[in-house]
Every structure is written in C-alpha cells, then in structure tokens.
There are 4 protein chains.
Amino acid sequence: MRKLNVAMIGGGFMGKAHSIAYAGMPMFFWPAPAVPYRRTLVDVTDELAKNAAERYGFEKWSSDWRSVVEDPEVDIIDIVTPNDSHAEIAIAAAQNGKHIMCEKPLARTAEESKRMLDAVKAAGVKHMVAFNYRRTPAIALAKKYIEEGALGKILNFRGTYLQDWSADPNSPLSWRFQKSIAGSGALGDIGTHVIDMARYLVGDISEVMAMAKTWIKERPVQSGGLDKLGTVKASGNVEKSAVDVDDEISTLLRFENGAVGSLEATRNAWGRNNYITFEIHGEKGSVFFNYERRDELQVCFSSDPEDRRGFRTVYTGPAHPYGGALWPIPALGIGYTETKIVEAHDFIDAIVNDKEVSPNFEDGYRIAVISDAILASAEADKWVKTK
Amino acid sequence: MRKLNVAMIGGGFMGKAHSIAYAGMPMFFWPAPAVPYRRTLVDVTDELAKNAAERYGFEKWSSDWRSVVEDPEVDIIDIVTPNDSHAEIAIAAAQNGKHIMCEKPLARTAEESKRMLDAVKAAGVKHMVAFNYRRTPAIALAKKYIEEGALGKILNFRGTYLQDWSADPNSPLSWRFQKSIAGSGALGDIGTHVIDMARYLVGDISEVMAMAKTWIKERPVQSGGLDKLGTVKASGNVEKSAVDVDDEISTLLRFENGAVGSLEATRNAWGRNNYITFEIHGEKGSVFFNYERRDELQVCFSSDPEDRRGFRTVYTGPAHPYGGALWPIPALGIGYTETKIVEAHDFIDAIVNDKEVSPNFEDGYRIAVISDAILASAEADKWVKTK
Amino acid sequence: MRKLNVAMIGGGFMGKAHSIAYAGMPMFFWPAPAVPYRRTLVDVTDELAKNAAERYGFEKWSSDWRSVVEDPEVDIIDIVTPNDSHAEIAIAAAQNGKHIMCEKPLARTAEESKRMLDAVKAAGVKHMVAFNYRRTPAIALAKKYIEEGALGKILNFRGTYLQDWSADPNSPLSWRFQKSIAGSGALGDIGTHVIDMARYLVGDISEVMAMAKTWIKERPVQSGGLDKLGTVKASGNVEKSAVDVDDEISTLLRFENGAVGSLEATRNAWGRNNYITFEIHGEKGSVFFNYERRDELQVCFSSDPEDRRGFRTVYTGPAHPYGGALWPIPALGIGYTETKIVEAHDFIDAIVNDKEVSPNFEDGYRIAVISDAILASAEADKWVKTK
Amino acid sequence: MRKLNVAMIGGGFMGKAHSIAYAGMPMFFWPAPAVPYRRTLVDVTDELAKNAAERYGFEKWSSDWRSVVEDPEVDIIDIVTPNDSHAEIAIAAAQNGKHIMCEKPLARTAEESKRMLDAVKAAGVKHMVAFNYRRTPAIALAKKYIEEGALGKILNFRGTYLQDWSADPNSPLSWRFQKSIAGSGALGDIGTHVIDMARYLVGDISEVMAMAKTWIKERPVQSGGLDKLGTVKASGNVEKSAVDVDDEISTLLRFENGAVGSLEATRNAWGRNNYITFEIHGEKGSVFFNYERRDELQVCFSSDPEDRRGFRTVYTGPAHPYGGALWPIPALGIGYTETKIVEAHDFIDAIVNDKEVSPNFEDGYRIAVISDAILASAEADKWVKTK
C-alpha cells in the first residue's frame, strides 16, 4: 500500500488533532487511498520539536522548517502554526512541489491568501484548508438534503459561533488577540468556520454588512507560551497590553443566489463553549445544527402531513455521509478526532486519486476576501461587495 | 370591590384572549385592583357582535363602535381590530376619556402612532399596547436578572420571531399580507414583539440596518373572512393577488447604551411555529429564552465555579416574577392565557392605582418609529437612525 | 343557549383552575354544548366561601356543602377538596342526582372509590375525575397516533412524575403528607396521573411490582392553612411531625395486552418541577412527552427512510386534537388553564349530549385499585395483580 | 520512554476503537506512562489477521491466538472477540503473565467470569473490562460531584440504554442474538454498561427484580460475517432462526447503601440510537446525563437560590475530569475515540505505576453476578439477591 510522508510544521494542540487523524485514518477508511506516515515534526526549537515528535509519533524532528520543506522524502507539508507564518511556509512548500494541508484561516489577509493560492496553482499541488467542522457528518447530511432538493430553494442562513473561553478579561493575550499574528480576532479564528459552512451549504457570499466590537480592550501579557486558549487566568497585578482585534462580529449577508443571511461570532458569550450553529430555511424545509450536540441534525420537511410535521432529530450513522467509515451505529460518538480523520482522508484521497478537494486554497482565499470585506464594512459602516 | 366596564372592539381570536384575561384576572390576582366587567362587544355587524358577545361573556353588543366609545358607562376601550382602525378608534376613545388597551402593533406607521400617543397624553388616560409576550414570567425573570446586575453590562442581544403558518404559498391573503390594512408584514406582526423585548430588556434602539424580503409574492384571495392565519390552504385554480408587505426581516441593531444586536423575523421558517427567542450576553452572564418552551429561562453566571458552570434551566413559579399570582409550583403550565391575564392585571392596576404601565403608547410609538426605520433602511440599504 | 349551574366545593388553587375553565370554556368551544354558570362556592367558613366566591366569580356562597348538594338549582357538583372528603360529598351529590366533577385521586382507597362509583352508577349521573393532564393536546396526539396504528403494537411504557417542591425537609406537613387525609403520598398525588396516562394510551394494567420510600420522615407542622405546596419553608426550631405516606414510588407494570412498563413518582427530584413524562415504544415507532415542554410531542416512525429518521418534535395546534378550539397556531401557548378548559368542555358535552366521558369514576376506581396494589406490592415485596 | 507491546485478539469494529486508542493515547496524555506498541493482531484466518494488522497499524499478525498469548515479547493481551471466547483467552493470557484488557461483558456468565477473575488474581497481572462509557468526562464529572458530597446522600438512580439498530425484525441474527455466544441479549450487550455506571456512581447493587422480553423471536440467518450490527437488512424470503436471548430488560434495583433504582435496556426503541442515560437524585441535588449529547452533564444544586435554581448544562473541558488531556476548550468534541483513549491511558498507567484500575475483572464479575440475578429474577418473577 502506498505511503505518503507527512511533515508537520507546528506542535501545539492542532498538532495533536492532525497527528491522531493521520494515525487513525486508515483504521476508519479501509482500504485507505494511501497510508500517511508521520515523518518529520518541526517546532521552534529542537527540544520542542523532539518532544512533540515523540508525543505525536513522528520519526524525525527539526527546528528548521525550510530544510524540511525541501526534503525530497516529504510528500505533504501540514501547517499548524499561528496565522502569520502560513503564507511563507506554504509558498515555499508549493515551490518544492509539496501537497499542503494548512490550518485555518488560510492567512491573515486576502492578499496573503492570494499569494498562497497563486503558488499552489503554479505548482500544481493539492491544497486544503483545515475547516474541519464541515466534515461533521451532520453538516454533510444538511448538504446532502440541500443537494437533493429536499429543502427547496434556500431562502436564508443564520450562522453563529459563540465561545466563552476568553470572556474573562483576565484570560491571557495569546497570539489570537494580536493583529500582527492573527490578522483578525473572533472573525478569523471562529467566524471563518461559519463562512466556510455558509459557502458550502448555500453558496458564495456576494455582499456583507458588519459591526465589529472589541469589548475587552486589554488582556494580561502571557508568559511562557503563545496560545493557552485562556485556560490559565491571571490574577493580581499583572501587566496588560492592548487587544487590537475584534472579539465580536455581527454581519448581514447576501448570497450570490439571492438568499440572505447573518453571521455572529463572539468570544464573550458566557455559557456558550463551542456553539457553532446554523439554521437554514428553504421553500420546502429547514435544518438546524448545533456543534455542541454534533451527532445530530434537525430537519423539517414541509411535505410531512400537518399532524406529524416538526423538526426531526436525526443522529448520524452508517446511513449518513462518511458514516460507513466511522462507527457502526448512530450516536456512538462523533468527536473532534472523527472530523479530523475524515478531513485527512479526503485530502489523501485527493492526492492519490487526483481529485478536487474542498475547502482548498481557492475557498480559503474567498473566505479571506469575505473576511476582509467584513472588517471593511464594519469600518465604513456600509455594505461591501466581495467581488 | 370596584368594577371597570370594558368595551371590546373586535371579536376575533384576540377577542378570545382578552376576554378570558378579564374573566380570569381576579381569580389570579386577588384581591384584584378592580374587577373588569365585560360590558359591550363591538363587531362589524350586529349578528357577529351578538354572537361574539355571547361567546365571550359580554352583556351587550353593537356594530357601532363610535356610540360605544362615547358610552359614559364604559371605562375601558379594548381595541382588537386589524391595524388600520387602531388610530381612529383609539383617538376617539381618548377624546371621550376612556382608558385604552390596544392590540399590537400600535398602528400602521409611526405617524399614526404619534397621533394616538398625542391623543392619550392630551386626554390623560391610561394606555397600553398588548405586547403580551413580555409578560411571560421567564422574560420578566430575565429583566429581573439584568436589573439586579447579575449579567453585568449588556453587550449584545439576538432576537428572533420565526413562524411557518404562512410558509405555504397557498395559505390565504389575509389582511396581514396587505399593506393598506397591516402597515407591514412580518415586521409589524411579529418583529415588533421582539423590538418590544429588546427595548424592555436592553434599552432603546438608536440605529438599524435591515434587509426586507417578500419571498411569497402572491397568495390566494381569501373568501369569507379576513384573517384565518393560514389554517385553510387553497387548492386548485384559485385567484391570487399580490402580497405588498415583507415576509422576512433581518436587522442589525445599535442600542443607545452601546450594546449591539440583531433581529430576525420571518414567516417562512418551516418547523418554527411561534419561535420567539432571545439571547443576551453580558459581561457577567447570559440568558436565552424560547417562547415555544416558555416555562423556562436559561441563564449562565460567569461567577459560577468553572467545574459547575453552564446554562441553568430555570422553570418559573412562585419564586419568580408574577409567580405568586399564577400557579403554586413551577411548570404547572404557563400558556397564552396566563400572559394575557398578567397583562390585563397590570393595565387595570395602572388605572386604579394611577401607575405607569409599559408597554404603553409611548413605547408603541417608539416601536413604530423603529419599524419605519427598518423599512427605510431596507429600502435605502444603509443604517437609519431612529431619533 | 342552555345553562348549567355549577356548585364548587372547595376554594383552593384547584378552585381557581376549575373556575377559569368554566369561564373560558364557551370562549374556546363555540357554540358551546352549554354554558356553565358559576352559581355557588362552598368553603369551610362563610368568610372563606364569600371571599372565594368573589374571587372566582360565583354568585353565591356557603359553608354548608350538604345544603348546596341538595339545592335543586344546582346541576353540577365540582369537588376540589382534599381527598378525605371526596367520597362523602360525591355520594351525597349522586344521591341528589347531580353530575359530578371530582378532583383526583378519586378517593383515598379503592374501597372508597368503589362506593363512589356505585353511587354515580345507581344515580345515572355523569361523572368525571379531573386527571386533566391527559387533555394536553400533545398527549391526545400520542393517543391518536396509537389508535391510528402509527406506532404498531405497543411494547412498553415508561412514565415518570418527578417534583421538587417538597424535596426540602423544611417544607411543611400539608395534608398531602398525611395518610388519613391524602390516602397516599407521591403515589396518589402525582403517580395516579401517570397511571391514568398509561391506561389511556396503552391499556389497563394487570399487575404491579413496586418499591415505596419515605425519604423525608418528618416535616414542620403547618400553621394557618392545609396546603401551601411547600412555598413557605420553615426555619429555626419548629415543631415537626411524622410523614406517614410515601414520597417516592418505583414500579414495574404489566399491561393486559402484554406490554410492559414502569412508573416512577417522586417528590425528591431536585430540578424536576412538574416533570410528567412518558416514553412509549411500539413495533413501528415511539413517542416521548414531557409536560414541562407541553406544547410538543416527540414521535419517531420506523417507516421513515433511514437517512432522515429521528424523533420529530411536533408542536400542537389546529391540526391536532382539541386544536380547533384552542389557539390559531401551534406553540402560541398551552398552559394549565387550557388543559382545564378542555376538561370542562368534555364534561359539559357529556352531560348535554349524553356521551361517555373519560376518565370517569370507573377509571378513577381502577386507578385506585392499581394504587392500592402498588402499596400492597411494596409492602409484600412481590408482584400483585390488580384484578 | 517505556514501551508496552500489545497483542490484540479480534479485528472487528472494537479492534478499530482499541487501535486508535493505543495510537492516540500518548498524544493526549503526555508524558505518557508508557507508549503502547501495536505488535500483533490475531484474527480467525491469516488473511483476515493480515488485513486487520495493516489497517490498524500492527506490526505482526497471526491466526493462532495461543502462540501469541505465549509470546514473551507481548506485555498486554487485548480481547475484542465475541463473548464466548473471552474466558479461554483471558485465562491463558493470565497464566502467561500478561496484563489483560477485555471487552465487555467480561464473559457469558458469572461462573465464567469468576474463573477469569481467579486467574488474573492468581497471576498478579493487571486487568480491565472495557466499559468505556464511564470514561466519558461528563460521567466522571457526575462521580466527582457525588464524591464531593455536592448531591448529598443518593436516593435513587434511573438508568437506560435504548437502541434501535435491531428494532427491525429483518436485521440479521448476529452472534449478539445467540445465547451460546453472547450469554444474554440486551442485558449483556448494553444493560451491563448501565450496571457499571450504577455501581461506579452509586455503589454496589444488592438485589434486583426484573422482567425480560424477547419481542423479536426470530431473525434472518446472517451470511458472511458474525456481527454486522444490523446495518444490512434482509429482504425477500430469507431463512430465519430463533433468537434465544432477551431484547428488553426492565429492572428495579436496590443498592447496598439503601438507594433504590431502575434499569431499562432495550433494542426496540425506535428513534433511540445509543441512548445511555442516567438520572440520580440526592438529598442536595440531581444529575442527568444522556450519552447522545455526551459533552454535557446536567446538574441541579438545591443550595442555589430559588429564583435561579435549575439544571445547569455543563459542557466538559479542561476544568473537568480527564479534561487536561483532551481538548483545550469544552464542546470541541468528545467522541467514542476519546472515551477509548482515556480507558487505554488508565490501563497503561495502572500497569506502569502499579495502580488499581476500575472497572477490572472484579467489577466485571460483580456485573456478571448481577446480570445473572436479573435473568433469574425475570425467570422466577421475584426479587433476587446478588450476594
């Protein structure tokens, strides 16, 4: 069976997620299109890289990503670093003919994203952006219903991504709150997942009208680590520094196909932990999804008799998208790992069988354009077109 | 015990709701501030009026609302007619010194509403607009938490009112789809309830940015009755006529106090029957409410220890607003009737004890101004101020 | 239109519920079979009776129930007293040819219940026991599905009634905790509602196997009032007295038709306020109901395609049982009042049109037999037959 | 870092679950107590074994489990075969000094289980039964609350495990429906998980009173594979054979500490896919859990002020049990994989650091005793003691 050598740049929590995906993919999708082989892990120091390589089951390690990107043994470069290094690494990888998996958002701006897209197109390599949530089977099931026409013409889309891990003003100023590294705040970090779902399910977005807020204007400077996702709260007299990105975005949307919608992303929603939801109304039915209860999709069909019509709570299993590869009955348990396994499979499959895969850098670029338009709209207080 | 004579103008389903409220109010609030006495029911013909009077327990009936408004025996005029007659009746009632309960929305436009407000102020009578939903105990509980500061400074508000009774294009063209009678569509009929809640819970709205849609552009002409709420669907070749009001509104909101928000109202949400929801995020907590499960409020307090923090599902009962007057334990059952009983009480109490009551015509007027701004914003495709 | 004079014995919270039902019934069911007229209210003293009569809209009052039961002007005796007086009043009422509405449970024991049943049968009057919950439209919808065969042969039933208003050991010793008055505890007060639902939906129960517990063995003696439903907690050094009834019942059930089931009723379920639920599995489908969210029924049909099968959340409205008489769209709001209005209608309808009505004293008696069997089973620690 | 060589006997879907657990464990728990190394996979033929070894990442394969059990290089024997071979393999493994992970239930009967327990005790090896569900963080959180005393004295437990993958009579007769292989039906396959949770959370069970049913009395004989979990339905004229195990169990429980409870397990609950739930009422609070929404635990504390008391929906994350090793924020996604990773960790940790681990064979034996008592009770129609 064919093997593909993966080099992963970055060793944080996303490294964990990608590593178990590579390890688990052939177990779930068998026969696998190819077996991904964890070959080299890169982190900022040799010590960090060695430790992460042992932890995540990589054979080699390095603190020099450039040499790894040039390594002829490597087939795939997987980028799980903060946003500011995506472009440089990806462009170098493309120039060396590597297939590329890149964590989301693709880059800090549309301009950076465009250069990445140009590079992979020029190189003819496969490319993917890790908006993994859309690979939740229940979301793919919503897509299936829509493609089958079971919901009729889509009228609207309402998407949210609400969190509270940094709703406390004493949660630290990780790189996610710094524009120079992250590009934007709640928008880029979480809002882009919803933009990806909106495009996946409804179609491309043509115009946006947004408000942006930075409710928490300064946060404690974080020592010893860039990204702790707020798990360690500061107390006492700590040095604080300014947050220069948004922590809440509210947006109206217009889709190319005439549907309308809204997008809300916030880091200040106490009680909402990873509240990725969408509700879509079509002429013939509706769907509702909440990632916090991700094994299920709610769907209502107008064709049901009136005395037995209502949202159906469908738990996904073998009869639903990706289900044959996952667990033998519904509700056995879809977790973050499973979404990443499906993502890894579809990427490897695209490489081996020369298929299109989505979301790719083209999608990532479009999402960046829409994100930039959202920030521009919030700044100008008016509708901004995305094309 | 003091009695107040009520004359009710209109005998449709709202007549039912108001009638049981008057009958039941003293049973729930005892000793009652006064006992409302169902004296005269007015409908468009004597026959309809007589029938409705018998049904709703009124002593007299009439098809001449003007004479009833002038009847010196009448203390209260209760207006439950379609929107186009609110202003004329209310102004006449005020000029005759009657206290006025008026169904929502107050009128078709801000201009009409202003004339009504001027009339009641000039007359010095008590006035109320029947946005009854806010009298659901769980909503009043949200208000209490906010007033106690338990949620901290309010950051945002997201409100929805989604229905599907007219999502079928063959549901009839009742007056609710005709601008000359209704003023607007989903906005005035249901969206205004959410505006009322937003103002009640967060504060007044200073600026709006809206999209309006009329997805279903024509409907069957309805024979034999103005308002069947879509329960009888047309089939076969029926005459259709144009809908000239919105059936979906999506709006961004800015509040005077700096909070932001959104409002969505649609008649095309298959599976959502009376889906009035709001979610509010504050610096110290959040609330979520869904009228379809109206006995409960969900609230999260940031001050809870992290290992036991999450939304609490609080069922309202005697320990919560209005609870002492309602049922002896939580979840015994709050229905539409109970919201109307509380409303009737607060109105009678305001009359007898010369209290302020809300939402009154001032509120109704402000809601009309905001509604007009929403339509103007959708038309102009830009933010519109409401003051 | 025909009028029926009602005399109500008892003026507590159930008096409120029955009074608004009589007032509201013709408003909802129109033309009404007859208009119930609130004629005489009886309470233990003239002062209490006069006060309750004013509150609940009765024309007369009395502290002598015997004379009222004999009053030839009275058509209906409505018994809303504690359980120990049901039999005596009902038998006297029957002997005077009155139709009888009696609060549940019918009496303290099967023996008492049998005497009541014999009396009404001998008198040929109409009789009903106020197990109102089954008149929730969503429960009647479950019944409809079952009768239509949509769930296939019924395999099992799981019912619960969980409360917490007296989970605090300092909530007072009302009559509901005294065997001499109440007959039993959680079983008679709340468990009987579930037995009623089980019989209504599945069929009669042939055998029971139970455990009974009295977790809270003593409670503060209550001053000034028999039944406060625990809203006033005692504090400090208060006199306590023994509880001699159960506060938790767990029971296995066998139905005559071969189905099996279970029943759980407890007063010690913190967080469960009025948690009346049932889940029924049939060969072709399932239903789930939770009264705390009573506007909805959940139903799953095995015949749905596997990729869109799941519980449907159906909100009841005009297309569902009783819906035509209630509110014009689903989820406008079914409360305790609405269940009592339907109950009052069906009773009046049975009187006027000489129909069978259920649950009647025959049902009440069977429920008492089953209840006695549950207590006997718990005592003997073995299965007990109910016939 | 220390390595432990694992040999896995069996290559079905449980093999997948255990394999990804071994691969992922060090990624999540780092530094890991030891790194499990996937050394040998055993299946019934060489071809099947080779294929499964490649799929699940094992270095070697074999169709001779006895030689593998004797392999001195092997540290751990992981048994994921049908129930009828657990005892023979485990006893041989113990006699060869191997640590043993065994899928649940431990064996077909208490007698078999006892022999396995005796063997591991005699050998002094570590042993674990793979009741993985209790390693869901939300269940461990319930345990933590109980141990902290936050719920007070436990009064009762209600557990369910409801499925529908074989509710269709045309789903095939896999080994799970054959007593000679499985031992029992719904009881052993799914009910035992609930018994495990009951013992984990409340304490040991002293007495049971049960009903057992086999609603579907025959099923199509399955060709080409023992265990398809009903995903392929038969159609047309297929050969059917008798089911000789239960498909529904309803049981009352008495716990050693005085608490009472119930257990329901069924394979005939249309719409319930993997509906593992428990509700526990204590003197000071309650918890409710539903595995289908496994990221969350519902908990109610009586000490909350009455106006803000209700079930809290707590999503588990770093602040909750196992959370530090899993994902950085709550609701990122606990799936079946994550429960197995935690299980693998605790087993490896017990081996390396010579700790007690639970559920072990002692627990598995007790569960088998209780299971046998349930079947005996259902047979004899009376309470049966478990000790």
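**Figure 1. Overall dimensions of chain A in the predicted model.** For its 387 residues, a compact globule would be expected to have a radius of gyration near 21 Å, and chain A, at 21 Å, agrees with that expectation; the radius is taken over C-alpha atoms, and the globule rule is 2.2 Å times the number of residues to the power 0.38. This is a predicted model, in which local features need pLDDT of at least 70 and side-chain atom pairs count only at pLDDT 80 or more, whereas totals for chains, interfaces and linings use all residues. Residues are numbered from 1 along each chain as its sequence is written, chains are lettered from A and ligands numbered from 1 in the order in which they are written, and side-chain values use heavy atoms, with hydrogens and water left out. The C-alpha trace of chain A spans about 65 × 55 × 40 Å along its principal axes, and its secondary structure comes to ten helices and 17 strands, where helices (H or I, at least four residues) and strands (E, at least two) are DSSP runs numbered from the N terminus. Of the 387 residues in chain A, 71% are buried, a class that means under 20% relative accessible area, with exposed meaning over 50% and partly exposed lying in between (1.4 Å probe, protein chains only). Among contacts in chain A with a separation of 6 or more, 71% join residues 24 or more positions apart, a contact being heavy atoms within 4.5 Å. The accessible surface of chain A is about 11800 Å², and carbon and sulfur atoms account for 47% of this area, as computed by the Shrake-Rupley method with a 1.4 Å probe; for residues, only the protein chains shown count as cover.

**Figure 2. The second largest cavity, lined by residues of chains A and B.** The structure holds 16 cavities of 30 Å³ or more, and the second largest has a volume of about 210 Å³. Of the 26 residues that line this second largest cavity, R158(A), S262(A), R158(B), S262(B) and E264(B) are the closest to its centre. A cavity is here a set of points, on a 1 Å grid over the protein atoms alone, where a 1.4 Å probe fits but cannot get out, and lining residues have an atom within 4 Å of a point; grid points are joined across faces, edges and corners, and a volume is the space filled by probe spheres set on the points. At least two lining residues come from each of β7 (154-162), β11 (248-255) and β12 (260-266) of chain A, and likewise from each of β7 (154-162), β11 (248-255) and β12 (260-266) of chain B. The lining comprises six nonpolar, 14 polar and six charged residues, where Ala, Val, Leu, Ile, Met, Phe, Trp, Tyr, Cys and Pro count as nonpolar, Asp, Glu, Lys and Arg as charged, and the others, Gly among them, as polar.

**Figure 3. Surroundings of two strand residues of chain C, I276(C) and Q298(C).** I276(C), in strand β13 (residues 275-282), is classed as buried because its relative accessible area is 0%. Leaving aside residues up to four places away in sequence, I276(C) touches Y133(C), T160(C), Y161(C), M197(C), F289(C), N290(C) and Y291(C). Q298(C), in strand β15 (residues 296-301), also counts as buried, since its relative accessible area is 18%. With the same sequence neighbours left out, up to four places away, Q298(C) touches S286(C), V287(C), F288(C), F311(C), R312(C) and T313(C).

**Figure 4. The loop position of T214(B).** T214(B) is placed between β8 (205-213) and β9 (218-220) of chain B, and its relative accessibility of 22% makes it partly exposed. Not counting residues up to four places away in sequence, T214(B) touches V243(B), V245(B), D246(B) and D247(B).

**Figure 5. Backbone geometry in loops of chains B, C and D.** Most residues other than glycine have a negative phi, and most peptide bonds are trans. In chain D, the peptide bond from W30(D) to P31(D) is cis, with omega near 0 degrees, and P31(D) is in the loop between α1 (13-28) and β2 (35-42). The bond from K104(D) to P105(D) is cis as well, with omega near -10 degrees, and P105(D) belongs to the loop between β5 (99-102) and α5 (110-123). D354(B), which is not a glycine, has a positive phi of about 50 degrees; D354(B) is in the loop between α9 (336-353) and α10 (361-380) of chain B and counts as exposed at 60% relative accessibility. D381(C), likewise other than glycine, has a positive phi near 65 degrees, and its place is the loop between α10 (361-380) and β17 (384-385) of chain C.

Conventions. 1 Å grid on protein atoms, 1.4 Å probe; cavity = no way out; pocket = protein on both sides within 12 Å on 5 of 7 lines; lining within 4 Å.
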